Amino acid sequence: MKTGARCKAVVAAALLGLLLLSGCSPKGEQRIEIRLGEVARTVFYAPQYVALSQGMFAQEGLDVQLATIPGGDKAMTALLSNQADIALIGAETSIYVYQQGAEDPVINFAQLTQKDGTFLFARQTQGSFDWEKLKKQNFLGQRKGGMPQMSLEFSLRKHGIDPHQDLKLIQNIDFANVASAFGSGTGDYVQLFEPQASIFEKEGRGRVVASIGVESGELPYTVYMAKQSYLNTNAATAQKFTNAVYRAQQWIAAHSPEQIAEAITPYFKDIDLAILTTSIKRYKEQGTYALNPMIEEKEWKNLQDIMTSAGELKSPVVLGKLVNASFAQQAISASTNNTDSPAKASTNQTTDADVNTGGSP
């Protein structure tokens, strides 16, 4: 897209957002402020940025104040210390809090993504990829107990690779600095979210060779959660929030990667539109974005299987203990387009061969 056309599209989107904001609440009614903490700024969370840029939160009378708090542990700390009302983090963090005997447990109430959002990235750009090539290589890993690392280890074990015996695993770099460390020359392989993976490919720093999301399957990878006490006293607000998330999920499902990229540009001002489009295309093709906010039993089980494989689950936690499905159920049933809206994405919609990861088979 030419620069002039892109600028016009961005301005048009901004004007639309202002119009939506101006008419979102009954006259004289003050919007409800929500402090939302996200664990990263990534195209992986595209539905959230659509809900913001297209005025879906505003239409519900919400004023969402978004803050990026890198790392699931730090984002959870912000939630527990009341520095955030709602956090977008991996569901495993709520289990960790529960395992520690929290009197005010953290409850998952709306799912945003249903697969791991990382891609296996190789510094070597030539030749076909085989999982055996990972052995004895320097692998720049993620934080122990974090979902990216656990999903990686789960995927490696599927291919007969012991992540702690067969790899030279590097895990002493903070989540926020992993990509820059790899870009500076540390490691032969790394996990990258989008758009970082596409940026590095364009810069010639390596290539995507596999999708950890495809390998690890469906799970509540990133979920909106809040303390039980918050949901008890702000149920109506949580419902409005979930309604907006669901509408954004439907919007994502109905629009092309190019249209989505245009919509979320305000949150990625320094990223080329073509990179955003490529990133979104990868995620859409493999069914990464959840099509509704429900957390299903099979997804919850897969999450705990992955945690067990990593040695991080003390004992199984039943779905109902840490998941409140009522907000998602109400959002879906209240939607005027419910009969025409997409069903929950399923792994049988795509196969490994259908996913364009940019790597060799």
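This report covers the overall make-up of a predicted protein model, then valine 43 and helix 12.

Residues are numbered from 1 along each chain as its sequence is written. Local features need pLDDT of at least 70, side-chain atom pairs count only at pLDDT 80 or more, and totals for chains, interfaces and linings use all residues, while side-chain values use heavy atoms, without hydrogens and water.

**The whole chain**

The protein chain holds 16 helices and ten strands. Helices (H or I, at least four residues) and strands (E, at least two) are DSSP runs, numbered from the N terminus. Buried means under 20% relative accessible area, with a 1.4 Å probe and protein chains only. Areas come from the Shrake-Rupley method with a 1.4 Å probe; for residues, only the protein chains shown count as cover. A contact means heavy atoms within 4.5 Å.

| Feature of the protein chain | Value |
|---|---|
| Buried residues | 55% of the 361 residues |
| Contacts joining residues at least 24 apart | 84% of contacts between residues at least 6 apart in sequence |
| Exposed area | about 15300 Å² |
| Share of exposed area from carbon and sulfur atoms | 51% |

**Valine 43**

Where does valine 43 sit? Its place is the loop between strand 1 (32-38) and helix 2 (46-53). Valine 43 is buried, with a relative accessible area of 0%. Leaving out residues up to four places away in sequence, valine 43 touches Glu194, Pro195, Ile264, Phe268, Leu276, Ser279, Ile280, Tyr283 and Tyr289. Tyrosine 283 lies 240 residues from valine 43 along the chain, yet their C-alpha atoms are separated by 8.7 Å.

**Helix 12**

Ile264, a contact of valine 43, is one of the buried residues in helix 12. Helix 12 spans residues 257-264 and is mostly covered, with six of its eight residues buried. The others buried there are Pro257, Ile260, Ala261, Glu262 and Ala263.

Key: Buried < 20%, exposed > 50% of the residue type's maximum accessible area, 1.4 Å probe, protein only.
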